[in-house]
Amino acid sequence: MPSRQIVQDFIAMVQQGEYVEAIEQFYARDASMQENSQPPRRGRDTLVAYERAVIAACRAMRTLPVESFLVDGDFVVIHWVFEFTRLSGKTMRIDELAHQRWEGEKIVEERFFYDPVAALAE
C-alpha cells in the first residue's frame, strides 16, 4: 500500500515533466499500462520505450497541476490533464483518470480512462 507521500512524490515527478524517470522509479519491473479498453502494454522496459516514443513525437508536453487524487489501500486514482504539442504544431489536451494498483511503493497495474475522440483531435 503506497503512502500519500509516495503518491505525491510520483505526481510531482510527472508534473515536472520527468515522465520516463517516473516510470523507472515508481513502476514495478512487470507493470502493465492500459489505454481505455486497448490491450495493456507489459513490462517496465516496454512502458519506458513507449513513453520515449510519445515524447519524441511531441514538440512539447505539459502536465497541469493535479487538483485531486485518491488513495484507498493498494488503489490510487489520479486526475491528470496533459497538453501535447505535436511536431506539426497542433495541440491536444487529454483529461483523464488513471486507476492504479500498487504493491508497496510500486505501481503494478495502471489503466487510463479518457475520451478517445478528444485524444485524436488536433
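In this predicted model, the loop that links H1 and H2 is where Gly17 sits. With a relative accessible area of 35%, Gly17 is partly exposed, because that value falls between the 20% and 50% cut-offs. Some distance also opens up along this part of the chain: Ser3 is 14 residues away from Gly17 in sequence, and their C-alpha atoms are 22 Å apart in space.

Now for the inside. The largest nonpolar core has 34 residues, and the ones touching the most other members are Phe10, Ile11, Phe26, Tyr27, Ile78, Trp80 and Trp102. Quite a few elements chip in with at least two residues each: helices H1 (4-15), H2 (19-26) and H3 (44-56), along with strands S1 (27-35), S3 (58-63), S5 (75-86), S6 (91-103) and S7 (106-113). H1 gives the largest share, six residues. As for Phe10, once neighbours within four places in sequence are set aside, its contacts are Ala22, Phe26, Tyr27, Ile78, Trp80, Gln100, Trp102 and Ile107.

Over in strand S3 there is Thr63. Is Thr63 buried or exposed? Its relative accessibility is 7%, so Thr63 counts as buried, the limit being under 20%. The Thr63 side chain has polar company, too. Its side chain makes a polar contact of 2.8 Å with the side chain of Tyr19, and one of its polar side-chain atoms lies 3.4 Å from the backbone oxygen of Val14. Leaving out neighbours within four places in sequence, Thr63 is in contact with Val14, Gln15, Tyr19, Trp80, Val81 and Phe82. Trp80 thus turns up on the contact list of Phe10 and on that of Thr63.

Methods:
Residues numbered from 1 in each chain as written. Predicted model: local features only at pLDDT ≥ 70, side-chain atom pairs only at ≥ 80, totals over all residues. Heavy atoms only, no water. Core = buried A, V, L, I, M, F, W, Y, C linked by side-chain atoms within 4.5 Å. Buried < 20%, exposed > 50% of the residue type's maximum accessible area, 1.4 Å probe, protein only. Helix = DSSP H or I, 4+ residues; strand = E, 2+ residues; numbered from the N terminus. Contact = heavy atoms within 4.5 Å. Polar contact = N/O pair within 3.5 Å; in protein donor to acceptor, adjacent residues only side chain to side chain.
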